[in-house]
Every structure is written in C-alpha cells, then in structure tokens.
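Reader: Before accepting any label in a description like this, I would like to see the reasoning behind it. Could we go through the terms one at a time?

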Amino acid sequence: MKRPRGGGEASAGEGGSGGGFGKGKGKGRWGGGSRRRNEQRLGVGGGGALSLAAFASAKSRNTGYNPALIKKKKEFYKNAKLISKYKRTKKQHSQSNNPPEFPIREDRDDNAQNVPKPHHKGKKRTAQSLKAEYEKKRAEDEKAKKERDVIIQAKREQQEKSEAKRRELREKMFKKTRSGQPVMKYRIEHLLETALQN
C-alpha cells in the first residue's frame, strides 16, 4: 500500500522527526516560523556557506557560560557562608562568656530568694588548675613518646641484625672456586640449618 507523497496531512516536516524547517513544526525556539531568520543568521543567502560577518557575530555573542566566573561566584558564596558562620559562633561565644546579670533586690529578704541566680556549667578554671592539667598532659605525652622511641629502636636493631645476617649468607652463597664453580660447603650448611629448623 502506497502512502500519498505531498498531498497528505502527515508530511516528513510535521511528523516531529523530520530534520528540515517544516511548515507544521512548533513555534518554539527552533520552530518552523523562523526559517528566514535562521537563514539570515547563518548567512545562507546564495552560496550556502557561513559568511565571515555571520561567523564573527556568532563567535562574539556572549553565551553567558564562563567557567572562571562560575568558579569565582561559587568561591565567593562559600567564603560568605564561612564568614557568617564564624561571626555567629563568635557572637554565641561572647554571649556564653558574659551571661546577662539578673537584678537582685535588697529591699526585702523574701523576694531576694525568688530571684534566679546565674549558674555556671561546671567549675571555673583557675590558672593553677590549668597549669597542673597542662603539666599532667605533657608528662603523659612524653611518656608515650619515650615508649614509642623504645619500640622503634628495638625494631631498627632487629632489622639491622637480620640485614647483616642476610648479607653474610648471600656472600657465602655467591662464593666461587678458582674455576668458577659455586662453593658447595656453605650451600649444604644452609640446607642442613633449614632442615633442622623445620
């Protein structure tokens, strides 16, 4: 069954997947109503190639996409966020250090008991207690450091011993006679040692 060529309703331009500037296409951004405008923009007058003026204007047009500017804006907003967070925490810290004072009335004794008193969370640290705490922490750190140094030194000594033993064994294994043959004495000794160990 043959389909009508040009006279039917559904032509290639109207079907949606036709590539040209069809009549029935939607009037969107790339719609069919702007065929003349597209041709003028691309400079498709007679030759079919893009004119130099059209190319220059297309290249100079600002698309609004600049990765450097986008990165700069992101960094600016990130910094602004960090600064506001810093200011907020600084403000909270200053408020916690200086609690608001409550008025205490001295004219009547029974009312003085009802007035709320500012309470501190935990005891106030004095210079002596801070110094003692610092000394204690420092002593613990030094002790831990000494222990670590002892362990590292022991490991290093053991490694040096094993390295020297390996070097000595290697020298023995590579010894050769005058004729260039390997000396079997050391190899047999090594084999005996390994057999006895296992």
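Reader: What places E163 and R166 about one helical turn apart?

Author: Both residues belong to helix α5, where E163 and R166 are 3 residues apart, and that spacing is what separates them by about one helical turn. The model is a predicted one, and every value discussed here is computed from it. As a general point, an α-helix has 3.6 residues a turn, so residues three or four places apart point the same way.

Reader: Why is the contact between E163 and R166 called a salt bridge?

Author: The closest N and O atoms of E163 and R166 are 3.1 Å apart, and the term requires a side-chain nitrogen of Lys or Arg within 4 Å of a carboxyl oxygen of Asp or Glu. The pair therefore meets the cut-off. E163 is also partly exposed, with a relative accessible area of 36%.

Reader: How many salt bridges does the structure hold, and what makes R138 and E142 one of them?

Author: The structure holds 3 salt bridges. For R138 and E142 the closest N and O atoms are 3.6 Å apart, which lies within the 4 Å limit, so the label applies. These two residues are 4 residues apart in helix α5, which spans residues 127-173, and about one helical turn separates them.

Reader: How do you know that R138 and E142 are partly exposed?

Author: R138 has a relative accessible area of 42%, while E142 stands at 43%. Buried means under 20% and exposed over 50%, with partly exposed in between, so both residues receive the middle label.

Reader: What makes K172 and E168 a salt bridge?

Author: Their closest N and O atoms are 3.7 Å apart, a value within 4 Å, and the pair therefore qualifies. K172 and E168 both lie in helix α5, 4 residues apart, or about one turn of the helix. With K172 at 30% relative accessible area and E168 at 45%, each counts as partly exposed.

Reader: Why is the aromatic pair of F76 and Y77 called edge-to-face?

Author: The structure holds 1 aromatic pair. In this pair, F76 and Y77 have ring centres 5.7 Å apart and planes at 65 degrees; pairing needs centres within 6.5 Å, and edge-to-face needs an angle over 60 degrees, so both conditions are satisfied. Both F76 and Y77 are exposed.

Reader: What makes helix α3 hardly covered, and how does its span relate to the expected value?

Author: Among the 31 residues of α3, the count of buried residues is 0. The helix runs over residues 67-97 and reaches 45 Å from its first C-alpha to its last, close to the 45 Å expected at 1.5 Å a residue.

Reader: Which residues make the nonpolar surface patch, and what qualifies F55 for it?

Author: L50, L52 and F55 make the patch, which covers about 340 Å². F55 lies in helix α2, residues 52-60, and its relative accessible area is 44%; patch members need over 30%, so F55 passes that threshold, although its exposure label is partly exposed.

Reader: What does the chain as a whole come to in secondary structure and burial?

Author: The chain has 6 helices and 0 strands. Buried residues make up 6% of its 198 residues. Among contacts between residues at least 6 apart in sequence, 0% join residues at least 24 apart. The accessible surface is about 19900 Å², of which 53% belongs to carbon and sulfur atoms.

Definitions and conventions: Residues are numbered from 1 along each chain as its sequence is written. This is a predicted model: local features need pLDDT of at least 70, side-chain atom pairs count only at pLDDT 80 or more; totals for chains, interfaces and linings use all residues. Side-chain values use heavy atoms; hydrogens and water are left out. Rings of Phe, Tyr and Trp (its six-membered ring) pair if their centres lie within 6.5 Å; planes under 30 degrees apart count as stacked, over 60 as edge-to-face and the rest as tilted. Buried means under 20% relative accessible area, exposed over 50%, partly exposed in between (1.4 Å probe, protein chains only). The expected span of a helix is 1.5 Å times one less than its number of residues. Patches are made of residues with over 30% relative accessible area and no salt bridge: like charges are joined within 9 Å, nonpolar side chains (Val, Leu, Ile, Met, Phe, Trp, Tyr) within 5 Å. Accessible areas come from the Shrake-Rupley method with a 1.4 Å probe; for residues, only the protein chains shown count as cover. Contact means heavy atoms within 4.5 Å.
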